[in-house]
Amino acid sequence: MAKFDENVEVITKEETKAKVPKKYKVILLNDDYTSMEFVVYVLESIFHKTPTEAHNLMMSVHTTGSGVAGVFSFEVAEMKVAMVTEAARQNEYPLRCVLEEE
């Protein structure tokens, strides 16, 4: 028969689970003024798309009204939106993009 010491504390280990951070889509919105070439440039330079990927996505944005340029953490997505907005303003285009939680 085992003896138990009343002065001994039992420590239980709580299981911790890491939360997976939410991802956000950066969505380009079509307009009637931004040139197709500029949209391709933005997709290649800011989102690191290949020329073929950039062209196909630009055509999708042009025909459907919007398209997902990429999926990122909130901070990166927010930075990409700011970069697109700044590049568009510097080149006098009204190109817009928005964030949407995935």
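**Asking why about a predicted model**

Reader: Why does H48 count as exposed?
Author: H48 has 61% relative accessibility. The label needs over 50%, so H48 counts as exposed. Keep in mind that this is a predicted model.

Reader: And where does H48 sit?
Author: H48 is in the loop between α1 (36-45) and α2 (51-64). Its phi is positive, about 55 degrees, although H48 is not a glycine.

Reader: What makes E92 exposed?
Author: Same kind of check. The relative accessible area of E92 is 72%, and exposed means over 50%, so E92 is exposed. E92 belongs to the loop between α3 (74-90) and β3 (96-101). E92 isn't a glycine either, yet it has a positive phi of about 60 degrees.

Reader: Why is M79 called partly exposed?
Author: M79 comes in at 43% relative accessibility. Partly exposed lies between 20% and 50%, so M79 gets that label. M79 is in helix α3, and together with V76 and M83 it forms a nonpolar surface patch with about 230 Å² of accessible area.

Reader: How do you know that β1 and β2 pair?
Author: Pairing takes at least two bridges, and β1 (residues 24-29) and β2 have six, in the antiparallel sense. In one of them, I27 has V68 in β2 as its bridge partner.

Reader: How are the strands ordered in the sheet, and which stand at the edges?
Author: The open sheet has three strands, in the order β2-β1-β3, with antiparallel pairing. β2 (66-72) and β3 each have a single partner strand, so they're the edges, and one side of each has no neighbour in the sheet. From one strand to the next, the twist averages 30 degrees.

Technical notes: Residues are numbered from 1 along each chain as its sequence is written. This is a predicted model: local features need pLDDT of at least 70, side-chain atom pairs count only at pLDDT 80 or more; totals for chains, interfaces and linings use all residues. Side-chain values use heavy atoms; hydrogens and water are left out. Helices (H or I, at least four residues) and strands (E, at least two) are DSSP runs, numbered from the N terminus. Buried means under 20% relative accessible area, exposed over 50%, partly exposed in between (1.4 Å probe, protein chains only). Patches are made of residues with over 30% relative accessible area and no salt bridge: like charges are joined within 9 Å, nonpolar side chains (Val, Leu, Ile, Met, Phe, Trp, Tyr) within 5 Å. Accessible areas come from the Shrake-Rupley method with a 1.4 Å probe; for residues, only the protein chains shown count as cover. A salt bridge is a side-chain nitrogen of Lys or Arg within 4 Å of a carboxyl oxygen of Asp or Glu. Axes are lines fitted to C-alpha atoms, for helices over the stretch in contact, and angles run from 0 to 180 degrees between N-to-C directions.
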